[in-house]
Amino acid sequence: MKSPLRTLLSLAVLTGLAACSAPSNDTAAPAAPVAETAAAAAPAPKPIAIDMATIMTQPISFKATELNPDVAACTDLNLHTNAVWLAANPVPSDRSSWGSFEVLGERSLEVQHAIVKAAAASNASAGSIEQKVGDFFGSGMDEAAIEAAGINPLKPRLAQIDAITDTAGIADFLRASYARGQGQLFGFYANADLKNSEMVIGFTGQGGLSLPERSYYLEDRADFVSAREGLLKYAATLLQLAGADEASARSQADQILAFETRLAKASMDRVSLRDPASRYNPVSIAEADAITPNFPWGSFFDAVGVAQPTMFSLGMPDFFREFNAMLTEVPVAEWQTWLRFRTISNAAPYMGKAFDDANFELFGRTLRGQQEQQERWKRVLNAVNASMGEALGQLYVAVAFPPDSKAKMEQLVDNLRESLKERLNQLDWMGEDTKARALEKWASFTPKIGYPDKWREWDGLQVGRNSYVDNLEAAAAFNYRFMLDKIGKPVDKTEWGMSPQTVNAYYRASANEIVFPAAILQPPFFDPNADDGLNYGGIGAVIGHEMLHGYDDQGSKFDAVGNFANWWSDQDRERFNARTDKLVSQFNAYEALPGLNVNGALALGENIADLGGLTVAYAAMRRAQGEGFTDPNLEGLTQSQRFFLNWATVWRRGFTEEAMKLQITNGPHAPGLFRAIGAPSNMPAFHEAFNCQPGDRMRREGEQRVAIW
């Protein structure tokens with residue numbers, strides 16, 4: 001389900017670990033940390049007392065008793081490790097996938113639920129984080145008020161759309177929408193300049209599609225056809241709920257699909273979007289105006305309150321040429337139809353039941369195979385996280401993040417760093433000059449663990465109990481203003497791109513940083529009391545994964561200070577590409593569903609990071625244990641076996657058929673069942689650990705074996 005009221009962050013420099021919460025390939029929503037100047041800062045929040053013993057969902061942990069004796073590890077590590085659990089834990093009806101990430105996400109939501117309920121009942125002082133988070137949640141839970149409001153919160157915006165009479169009016173409305181943080185047709189966001197990572201500039205990107213990406217409009221795969229039919233039904237339903245008669249609503253739905261199909265034809269595909277060069281197109285305002293003469297950019301910057309820059313990045317110029325043409329070629333009435341639909345659709349999940357149900361039917365049931373909505377408190381919490389994620393995170397870490405976890409993580413990161421350095425030094429396919437630059441980049445890695453050192457302030461955001469939609473719109477405007485105010489200023493490197501309660505991790509190329517939010521530092525990823533095999537096969541491999549994003553096919557295009565710059569010799573890049581091409585072929589051969597294979601090119605960055613990260617993590621474990629280490633053979637398993645078995649446990653995940661198709665198409669991550677087997681099958685350490693023999697499916701060798709970092 002798409003959440004509209006969110007700010008934007010460039011995907012060019014943010015690469016997440018897991019598909020469940022990683023950013024999309026066009027734009028992503030940050031927690032937008034860093035303090036904002038205010039006349040009078042709100043008091044620091046007081047810890048809310050939560051009894052963690054009342055949190056029902058427990059993390060998944062590796063258990064030897066759950067291993068599948070019918071499938072050997074050398075045949076399929078995923079089925080050997082995960083088949084028993086997956087058979088006993090099918091995807092719940094209110095989910096489209098279920099596994100290690102989702103279970104931890106459920107636990108995080110339960111902790112957050114206890115926090116926001118306590119905050120809502122606390123009579124916290126006005127302006128405090130507790131008051132704002134509590135009132136935001138309370139307004140979302142007031143279903144009676146939401147039903148009574150109906151479509152009234154949107155009427156001023158719909159009236160503005162009705163008043164449009166010409167192309168200039170369309171452009172005026174679009175500019176005003178972006179100023180409110182509700183831009184719909186393209187992305188406009190602040191990010192580090194790819195050529196000068198110390199400074200923030202404005203970026204644009206393609207957008208305007210209701211369905212996940214362009215192929216849903218342009219190809220005739222059965223699920224794409226169903227998605228288009230679902231969009232037609234959804235659009236007609238929303239327009240009828242807003243007052244249109246049935247015949248008119250159906251006709252307008254056809255116009256909406258045609259409008260978005262035209263945008264889709266001008267949009268880049270997911271694989272092309274992975275290349276930072278495709279999203280970086282520095283231009284002056286005059287040069288941008290030559291591409292979109294019907295949409296002058298000086299007026300846009302004035303409208304959104306940003307000083308007209310000497311340069312910004314107009315990414316995907318072909319998309320903007322088509323947008324420019326559509327401003328005059330598409331009748332004003334059809335523009336009004338699309339704008340009206342998108343305005344209602346963006347708010348639908350937060351309105352009355354009829355609107356919410358229609359939104360779920362398309363984005364939940366049709367696209368993901370989810371059979372029923374999650375409980376309301378979970379959906380409201382998701383909205384709070386999208387709007388005030390770091391504020392809620394500040395309350396979360398006070399009750400759910402043990403200080404000793406951070407110290408243990410710092411030690412693991414240090415061990416992984418040293419192992420990565422050793423492997424870089426030992427590469428036999430990379431020339432000395434390129435290797436020196438790779439080591440320079442290694443030396444500048446910055447780890448962030450748990451939560452920000454400096455919390456963002458929320459002074460100026462007005463939140464009350466009266467209107468859920470008003471709170472969402474206020475937060476959208478506040479967050480967008482906060483982000484746009486960074487343009488033209490130095491990058492604040494203390495800021496985070498995920499909230500602490502997010503079960504994920506990421507690498508940011510423009511800062512050469514690796515970030516591990518508090519919520520992921522739990523089993524099966526991390527347990528301060530677990531043995532090395534489990535921790536290095538879990539969070540150790542995650543740490544390695546994020547580090548190796550700095551050296552994947554796209555991250556390797558950024559240098560030690562985060563600039564988009566070539567530091568490779570041509571010969572070394574050719575050798576690297578030859579190795580990564582083999583990884584593309586390996587994953588292209590994995591069949592997710594009959595006739596539907598993984599897109600190895602789309603998932604390449606993640607697969608490079610998996611293979612390199614797992615390799616470095618294994619070396620780090622052996623390095624930490626030392627030559628005199630005595631293996632305790634816990635549960636009858638060696639440390640090497642436990643390492644790989646926990647790696648597979650991390651990727652324990654079941655999907656609905658629809659969600660699997662979406663995952664393959666949308667990427668950028670291969671499904672977990674292939675991530676569990678892909679990297680280990682290339683590693684001699686895995687073959688040795690389980691005594692895999694030539695011919696075993698999990699033993700790739702010779703020309704089939706992929707070795708990169």
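Two strands pair if DSSP finds at least two bridges between them. Keep that in mind for the opening stop. The model on your screen is predicted.

**Stop 1: a hairpin**

Select strand S5 (187–193). Then add strand S6 (residues 196–205). S5 and S6 pair in the antiparallel sense, over 7 bridges. Together they form a hairpin, with 2 residues between them. Zoom in on Asn191, which stands opposite Ile201 in S6. Is S6 mostly covered or mostly open? It is mostly covered, as 7 of its 10 residues are buried.

**Stop 2: the rest of the sheet**

Now widen the selection. S5 and S6 belong to an open sheet of 4 strands. Read across it and the order is S5-S6-S8-S7, with mixed pairing. Which strands lie at the edges? They are S5 and strand S7 (282–283), each pairing on one side only.

Next, select strand S8 (residues 312–314). S6 and S8 run parallel and are joined by 2 bridges. Phe203 stands opposite Ser313 in S8. Strands of a sheet pair through backbone hydrogen bonds, either parallel or antiparallel. Turn on the backbone atoms here.

**Stop 3: helix H6**

Select residues 167–179, which make up helix H6. The helix has 13 residues, and at 1.5 Å a residue it should span 18 Å. Its end C-alpha atoms are 19 Å apart, which agrees.

Colour the buried residues of H6: Gly169, Ile170, Ala171, Phe173, Leu174, Arg175, Ser177 and Tyr178. What covers them? The cover includes S5, from the hairpin you have just seen. It also includes helix H5 (155–162), helix H13 (297–303) and helix H14 (317–329). Helix H15 (332–347) and helix H20 (468–484) are among the covering elements as well.

Then look past the helix. H6 is followed by Gly181, whose phi is positive, near 80°.

**Stop 4: the nonpolar core**

Show side chains for Phe186, Trp297, Trp335, Phe644 and Trp709. These five touch the most other members of the largest nonpolar core, a set of 210 residues. Which helix gives the most to this core? Helix H17 (residues 376–400) does, with 13 residues. In soluble globular proteins, nonpolar side chains tend to be buried together.

Centre on Trp297. Leave aside its neighbours within four places in sequence. Trp297 is then in contact with Phe186, another of the five listed above. Its other contacts are Thr204, Ile285, Ala288, Asp289, Thr292, Phe312, Leu314 and Phe320. Thr204 falls within S6 (residues 196–205), while Phe312 and Leu314 fall within S8 (residues 312–314).

**Stop 5: salt bridges**

The structure holds 38 salt bridges. Try three of them.

Select Arg221 and Asp223. Their side chains meet in a salt bridge, at 2.7 Å from N to O. Arg221 is partly exposed, with a relative accessible area of 27%. Why does Asp223 count as buried? Its relative accessibility is 18%, and the cut-off for buried is under 20%.

Move on to Lys557 and Asp275. They form a salt bridge, with the closest N and O atoms 3.3 Å apart. This pair links distant parts of the chain, 282 residues apart. Lys557 sits in the loop between helix H21 (532–549) and helix H22 (570–588). Asp275 sits in the loop between helix H10 (270–273) and helix H11 (276–279). Lys557 is partly exposed, at 22% relative accessibility. Asp275 is partly exposed too, at 26%.

Finally, select Glu375 and Lys378. Their side chains meet in a salt bridge at 3.9 Å, N to O. Glu375 is partly exposed, with a relative accessible area of 45%. Lys378 is buried, with a relative accessible area of 4%. Add Arg95 and Glu106, and you have a network of salt bridges linking these residues with Glu375 and Lys378.

**Stop 6: the disulfide**

How many disulfides are there? The count comes to 1. Select Cys74 and Cys692, which it joins, at 2.0 Å from S to S. The link of Cys74 and Cys692 is left-handed, with -85° about the S-S bond. Cys74 lies in the loop between strand S3 (27–28) and helix H1 (77–88), and Cys692 in the segment after helix H27 (684–690), so the pair ties together parts 618 residues apart in sequence. Are these cysteines buried or exposed? Cys74 is buried, and so is Cys692. A disulfide is a covalent bond between the sulfur atoms of two cysteines.

Terms used
Residues numbered from 1 in each chain as written. Predicted model: local features only at pLDDT ≥ 70, side-chain atom pairs only at ≥ 80, totals over all residues. Heavy atoms only, no water. Disulfide = S-S within 2.5 Å. Buried < 20%, exposed > 50% of the residue type's maximum accessible area, 1.4 Å probe, protein only. Salt bridge = Lys/Arg side-chain N within 4 Å of Asp/Glu carboxyl O. Expected span 1.5 Å × (residues − 1). Contact = heavy atoms within 4.5 Å. Core = buried A, V, L, I, M, F, W, Y, C linked by side-chain atoms within 4.5 Å.
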